[in-house]
Amino acid sequence: MLSLEELAVRLFDAGAVRLGDIEAKIGRRTPIYFDLRVVVSHPQIMLSVAQHLEKLAKDINHELLCGVPYAALPLAAVMSVNTNTPMIMKRKETKMYATKRILEGIFEKNQKCLVVEDVVTSGGSLMETVSTLRSEGLQVTHAVVVLDRDQGGASVLKQNGIQVKSIFTLTGLLRILNEAGKISDETVDIILDHIKECQFSNLDFMKDNLEIMSV
Ligand SMILES: O=c1ccn([C@@H]2O[C@H](COP(=O)(O)O)[C@@H](O)[C@H]2O)c(=O)[nH]1
């Protein structure tokens with residue numbers, strides 16, 4: 001398994017870290033965007049990311065894995081194979097014919113399901129998956145995540161009964177990339193200022209996700 005420092009640099013070199021003035025979800029702009037979808041083109045990086053997630057998952061009692069669609073699906077699949085843990089998949093929309101399912105795979109009510117996610121910003125995407133899993137009778141208390149952007153999402157999720165464990169926090173990742181000479185001091189300062197200014201709270205989350213909260 002690659003060390004955290006090696007993994008951070010390999011992700012950067014693979015193009016998973018985009019710098020600039022980038023349009024993010026919900027029309028906001030960000031000086032840094034992580035595109036972890038590129039890992040499917042780098043099997044060694046994907047394996048290492050999955051192994052780090054498995055390390056985080058070791059102490060969490062779970063019987064099933066579920067990746068947040070779509071970026072975390074391949075990561076959850078690799079973890080499932082490596083640890084021999086069954087996986088289920090959440091569809092973006094309920095299938096309208098044949099099985100009419102929102103969750104694919106075999107599960108029973110009250111099973112403990114661990115959620116896998118690539119990036120947490122506000123926590124909205126992860127919570128959407130958690131709400132579906134809970135509404136199907138599964139127990140969900142934890143999530144393992146590649147990157148927590150330090151923008152309040154983990155705390156919002158905690159308030160909604162989900163403990164988040166992440167491989168990287170944005171602050172920690174910036175420090176590694178700065179020490180490796182990949183990101184300048186000036187860029188680090190711009191990103192840290194942005195993160196400080198752009199924080200999400202449980203209140204924003206509830207306003208933006210009234211539908212999810214009512215599931
Ligand atoms: O740098 C980023 C930031 C976000 N994403 C994608 O968005 C969601 C996380 O955002 P929430 O506000 O927590 O819903 C996640 O599913 C990512 O796929 C990203 O790819 N890169």
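β6 supplies the largest share of the shell around the ligand, with four residues. This is a predicted model, and the report starts from that ligand site.

**The ligand site**

The ligand is surrounded by 14 residues. The closest are Lys 25, Phe 34, Ser 122, Gly 123 and Ser 125. Three side chains place a polar atom by a ligand oxygen; the table lists the distances.

| Residue | Atom in the side chain | Atom in the ligand | Distance |
|---|---|---|---|
| Tyr 33 | polar atom | oxygen | 3.1 Å |
| Arg 37 | polar atom | oxygen | 3.0 Å |
| Arg 149 | N or O atom | oxygen | 2.8 Å |

On its own, the ligand has 460 Å² of accessible area, and the protein covers 91% of that. Which elements give two or more residues to the shell? They are β2 (29–34), β6 and α4.

His 194 can be linked to this site through its contacts. This residue sits in helix α7, which spans residues 185–197. Is His 194 buried or exposed? Its relative accessible area is 14%, so His 194 is buried, given that the cut-off for buried is under 20%. Beyond its neighbours within four places in sequence, His 194 touches Arg 29, Thr 30, Pro 31, Arg 149 and Gln 151. One of these, Arg 149, also has a side-chain N or O atom 2.8 Å from a ligand oxygen.

**The sheet**

Six strands build an open sheet. Their order is β5-β4-β3-β6-β7-β8, and the pairing is mixed. β5 (103–104) and β8 stand at the edges. Each has a single partner strand, so one side of each lacks a neighbour in the sheet.

At the β5 edge, β4 and β5 run antiparallel and are joined by two bridges. There, Met 89 stands opposite Glu 104 of β5.

Further along comes β6, the strand with the largest share of the ligand shell. β6 and β7 run parallel, with five bridges between them. One pairing sets Glu 117 against Val 145 in β7. How is the β-α-β unit of β6, helix α4 and β7 handed? It is right-handed, and its helix α4 covers residues 124–135.

β7 also pairs with β8, the strand of residues 163–169. These two run parallel and share six bridges. Val 144 has Lys 165 in β8 as its bridge partner. From β7 the chain crosses through helix α5 (residues 153–159) to β8, and this β-α-β crossover is right-handed too. β7 itself is mostly covered: of its seven residues, six are buried.

**Helix α3 and its cover**

Helix α3 runs over residues 73–83. Which of its residues are buried? They are Leu 73, Leu 75, Ala 76, Val 78, Met 79 and Ser 80. An α-helix has 3.6 residues a turn, so residues three or four places apart point the same way. The buried residues of α3 have cover from several elements, including α2 (43–57) and the strands β3 (64–67), β4 (87–90), β6 (113–120) and β7 (142–148). Those four strands are members of the six-strand sheet.

**Backbone exceptions**

Most residues other than glycine have a negative phi, and most peptide bonds are trans. Three places in the model merit a check against that background.

The first concerns a peptide bond. Pro 69 and Tyr 70 are joined by a cis peptide bond, with omega at about -5°. Tyr 70 belongs to the loop between β3 and α3.

The second is Asn 84, just after α3. Its phi is positive, near 55°, in a residue other than glycine. Asn 84 lies in the loop between α3 and β4. Its relative accessibility is 71%. That is over the 50% cut-off, so Asn 84 counts as exposed.

The third is Asn 110, in the loop between β5 and β6. What is the phi of Asn 110? It is positive, about 75°, although the residue is not a glycine. Asn 110 is exposed as well, with a relative accessible area of 52%.

Definitions and conventions: Residues numbered from 1 in each chain as written. Predicted model: local features only at pLDDT ≥ 70, side-chain atom pairs only at ≥ 80, totals over all residues. Heavy atoms only, no water. Buried < 20%, exposed > 50% of the residue type's maximum accessible area, 1.4 Å probe, protein only. Contact = heavy atoms within 4.5 Å. Pairing = 2+ DSSP bridges. Right-handed = clockwise from strand over helix to strand, strands pointing away. Near = heavy atom within 4 Å. Polar contact = N/O pair within 3.5 Å; in protein donor to acceptor, adjacent residues only side chain to side chain. Areas by Shrake-Rupley, 256 points an atom, 1.4 Å probe, with all protein chains shown as cover.
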